[in-house]
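Work through the exercises below with the structure open beside you. Try each task before you read its solution.

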Amino acid sequence: MLKLYAMFLTLIFLVELVAAIVGFVFRHEIRNSFKSNYERTLKQYNSTGDYRSDAVDKIQNTLHCCGVTDYRDWRDTNYYSEKGFPKSCCKLENCSPQRDADKVNNELVGIFLSYCLSRAITNNQYEIV
């Protein structure tokens, strides 16, 4: 029984290792595919509650961001021309951002800096006290 458990753990480890290698090798294709799909989803965004729009709202609320690269990505959409920025772009709760860019999240710099901090820590570029 213990050998079977060890064999399953080894199998799971190998599957995770292969997935990590494949993800690393194809990281540029994955990023480009995600970016193009997300841009297309923004252009098709509406507030009627379909699953794509819900996914965009969830991503923007969770990551505190707006658009693919920043809030200016919304200006090319039909939704922006009709209603302005979506509520999921709000910095504060209970706001209606409409077309005011100062009320929307554009914390891409914060995301970039947190990535740099994470990378510095994983590269052991910190001083051990």
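**Exercise 1. Find what the side chain of Gln60 reaches on Gly67, then describe the setting of Gln60.**

Solution. Note at the outset that this is a predicted model.
- Step 1: The Gln60 side chain reaches the backbone nitrogen of Gly67, at 3.0 Å.
- Step 2: Locate Gln60 in the chain. It belongs to helix 3, residues 51-63.
- Step 3: Check its accessibility. The relative value for Gln60 is 0%. Buried means under 20%, so Gln60 counts as buried.
- Step 4: List its neighbours, leaving out residues up to four places away in sequence. Gln60 touches Tyr38, Leu42, Cys65, Cys66, Gly67, Trp74, Pro86, Ser88 and Cys89.

**Exercise 2. Take Ser88 from that list and work out where it sits and which side chains it pairs with.**

Solution.
- Step 1: Ser88 lies in a loop, between helix 4 (78-83) and helix 5 (108-122).
- Step 2: Decide whether Ser88 is buried or exposed. Its relative accessible area is 5%, so Ser88 is buried.
- Step 3: Look for polar contacts. The side chains of Ser88 and Gln60 make one at 2.6 Å. Another, at 2.8 Å, joins the Ser88 side chain to that of Asp57.
- Step 4: Add the touching residues, again not counting those up to four places away in sequence. For Ser88 they are Asp57, Gln60, Asn61 and Cys65.

**Exercise 3. Identify the largest nonpolar core and the elements that give two or more residues to it.**

Solution.
- Step 1: Collect the members. The largest nonpolar core has eleven residues: Tyr38, Leu42, Tyr45, Val56, Cys66, Tyr71, Trp74, Tyr79, Tyr80, Phe85 and Cys89.
- Step 2: Assign them to elements. Helix 2 (27-43) and helix 4 are the elements that give two or more residues to this core.
- Step 3: Compare with Exercise 1. Among the residues Gln60 touches are Tyr38, Leu42, Cys66, Trp74 and Cys89, and these belong to the core.

**Exercise 4. Classify the packing of helix 1 against helix 2.**

Solution.
- Step 1: Read the geometry. Helix 1 (residues 2-25) packs against helix 2 at about 70°, and their axes are 4 Å apart.
- Step 2: Apply the cut-off. Angles of 65 to 115 degrees count as roughly perpendicular, so helix 1 is roughly perpendicular to helix 2.
- Step 3: Name the contact residues. Helix 1 supplies Gly23, Phe24 and Val25, while helix 2 supplies Arg27, Glu29 and Ile30.

**Exercise 5. Describe residues 6-26, then the whole chain.**

Solution.
- Step 1: Consult the record. An unreviewed UniProt entry annotates residues 6-26 as "transmembrane region".
- Step 2: Check that stretch in the model. Residues 6-26 are 95% helix and 0% strand, with end C-alpha atoms 30 Å apart.
- Step 3: Step back to the full chain. It has five helices and zero strands, in the pattern α-α-α-α-α.
- Step 4: Consider burial. Of its 129 residues, 20% count as buried.

Terms used:
Residues numbered from 1 in each chain as written. Predicted model: local features only at pLDDT ≥ 70, side-chain atom pairs only at ≥ 80, totals over all residues. Heavy atoms only, no water. UniProt positions renumbered as here; feature names shortened; annotations may be inferred. Buried < 20%, exposed > 50% of the residue type's maximum accessible area, 1.4 Å probe, protein only. Polar contact = N/O pair within 3.5 Å; in protein donor to acceptor, adjacent residues only side chain to side chain. Contact = heavy atoms within 4.5 Å. Core = buried A, V, L, I, M, F, W, Y, C linked by side-chain atoms within 4.5 Å. Axes fitted to C-alpha atoms, helices over the stretch in contact; angles between N-to-C directions. Parallel < 35°, antiparallel > 145°, perpendicular 65-115°, else oblique.
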